[in-house]
Amino acid sequence: MKHLVLIGGGHSHAIVLKMFGIKPLPGVRLTLISDVLHAPYSGMLPGHVAGFYDYDECHIDLRSLAEFAGCQILIDRAIAIDFNKNLVICQTRPPVNFDLLSVDIGSTPATLSVPGAAEYAIAAKPVPEFLASWNQLISERQNYPQKPLRIAIVGGGAGGVELALNMQSRLGKEEGRGKKEEGRRKREENLSSEIHLFHSGAELMPAHNHQVRRRIQEILISRGIQLHLKEKVCAVKKIERETTLQFPTDYQISCKSGLELECDRIFWVTQASAANWIGESGLAADSNGFIQVNDCLQSVSHPNVFAAGDIAAMVNYPRPKAGVFAVRQGKPLFENLQQFLLGKPLKPFAPQEQYLGLIGTGNKRAIASRGSFMWESALLWYWKDWIDRQFMQKFSNLPKTRNTK
């Protein structure tokens, strides 16, 4: 009986489990180690922030998926790998032995280099912690709608931009203003919430073409989201003071230029980084700590380790950290795990060079971006909504195919 251990419930592993349920491999025992029972689907999270989707609509139920695959699920966090004994070291449970290992744990924003960011900023990942903070903020808005609110978002990539637009949409609803048509003046004197977006570069979303960057900036400005371009955040601190203000701000963000801003919440959506234990375990990693894999999604240093999603860096095919690549890697990862277990040759996989990015603008419209192409329409949002719902449908109402061990 060979033991395949999956670390993390990311998009690739969700597909692997679904395919193992459809095509089980005799003589193989499956174990999933995940720190959550419900894995967030990145494509629908901005819409969830805006209030377009509820929790269940944008989370994959890993327990039912594991039952369908005949897989044991351990709710814990992997913190190390002992390759001398082939053990996964967990935070609370005893070590888990393995014959074959696959890692799909995603990434987290790089915050440790900025003093105070790890302590006081809210990282966009891990998603459960981010959503807990966001839901707490929404609850406060409902209880104290008159309270002035100032939010800072650090990171001007697609993630930061989408977060700013969808947060503003949700806060507008909570403040009783409802939906607003694009093009209408948004900066009203009685607005009780502000959103500030900080970006170290001269233009937002550098991975996209000029048309997309220009249009996104127009939308943000038209909605009153305050942009701070070419501003490198160098410190975050908690404000300690005695005050008679009814609603004092709690934090201060400082930039290298000397700009300082007091705010109620700071959300961090900067360049992705990897968990420290990956490199510490001896796996070959790139300069950002991501597991280096070959064309078969196999570790270049440890043949019995595979990786996919954000945590993986394909040596011959460098690609941005985007959910579309994790989804596309699901099937080839499944096939190569089975090939390895069967002692058969692995199958190389080449990801697409370009991908269609669909950026939701928080008002049930979206911008399509691919290479030099751009298109903006409400139709794109409904098309994206259909694609996302079709993907999630794959993991719902699953029968139990065999007993877990």
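Reader: What is the relative accessible area of Arg365?

Author: This is a predicted model, in which local features need pLDDT of at least 70 and side-chain atom pairs count only at pLDDT 80 or more, while totals for chains, interfaces and linings use all residues. Residues are numbered from 1 along each chain as its sequence is written, and side-chain values use heavy atoms, with hydrogens and water left out. On a scale where buried means under 20% relative accessible area, exposed over 50%, and partly exposed in between (1.4 Å probe, protein chains only), Arg365 is partly exposed, at 26%.

Reader: Which residues do salt bridges that share partners join into one network with Arg365?

Author: A salt bridge here is a side-chain nitrogen of Lys or Arg within 4 Å of a carboxyl oxygen of Asp or Glu, and Arg365 meets this rule with Glu376, their closest N and O atoms being 3.8 Å apart. Glu376 belongs to strand S25 (residues 373-377), whereas Arg365 is in the loop between strand S23 (357-360) and strand S24 (366-370), so the pair ties together parts that are 11 residues apart in sequence. Through shared partners, salt bridges connect Arg365 in one network with Arg215, Glu218 and Glu376.

Reader: How many residues apart are Arg389 and Glu57?

Author: The rule gives 11 salt bridges in total, and one of them brings together the side chains of Arg389 and Glu57, at 3.2 Å from N to O. Arg389 sits in helix H10 (residues 378-393) and Glu57 in the loop between helix H2 (45-50) and strand S4 (59-61), so named because helices (H or I, at least four residues) and strands (E, at least two) are DSSP runs numbered from the N terminus. The pair therefore links distant parts of the chain, and its members are both partly exposed, with Arg389 at 34% and Glu57 at 28%. Along the sequence, Arg389 and Glu57 are separated by 332 residues.

Reader: Which residue in S13 is the bridge partner of Arg150?

Author: Two strands pair if DSSP finds at least two bridges between them, and strand S12 (residues 149-154) and strand S13 (residues 193-199) have six, in the parallel sense. Arg150 in S12 also forms a salt bridge across to S13, with its closest N and O atoms 3.0 Å apart from the partner's, and the two residues are 44 places apart in the chain. Arg150 is partly exposed at 26%, and its partner in both the salt bridge and the strand pairing is Glu194.

Reader: Which strands stand at the edges of the open sheet, so that one side of each is left without a neighbour?

Author: Five strands form this open sheet with parallel pairing, in the order S11-S18-S12-S13-S14. An edge strand has a single partner strand, so one of its sides is left without a neighbour in the sheet, and this applies to S11 (122-123) and S14 (226-229).

Reader: By what angle are neighbouring strands of the sheet turned against each other on average?

Author: The sheet meant here is open, has three strands in the order S15-S16-S17, and is paired in the antiparallel sense. Its edge strands, each pairing on one side only, are S15 (233-238) and S17 (260-263). With axes taken as lines fitted to C-alpha atoms (for helices over the stretch in contact) and angles between N-to-C directions running from 0 to 180 degrees, the average turn between neighbouring strands, direction ignored, is 20°.

Reader: Which residues of the largest nonpolar core touch the most other members?

Author: A nonpolar core is a set of buried Ala, Val, Leu, Ile, Met, Phe, Trp, Tyr and Cys residues joined through side-chain atoms within 4.5 Å. Phe267 illustrates the packing: with contact meaning heavy atoms within 4.5 Å, and leaving aside neighbours within four places in sequence, its contacts include Ile122, Trp134, Ile153 and Met167. Among the 104 residues of the largest core, those touching the most other members are Val88, Ile153, Met167 and Phe267.

Reader: How many of the 12 residues of H1 are buried?

Author: Helix H1 (residues 11-22) reaches 17 Å from its first C-alpha to its last, close to the expected 16 Å, which is 1.5 Å times one less than its number of residues. Its buried residues include His11, Ile15, Leu17 and Phe20. H1 is largely enclosed by the rest of the structure, because the number of its 12 residues that are buried is 10.
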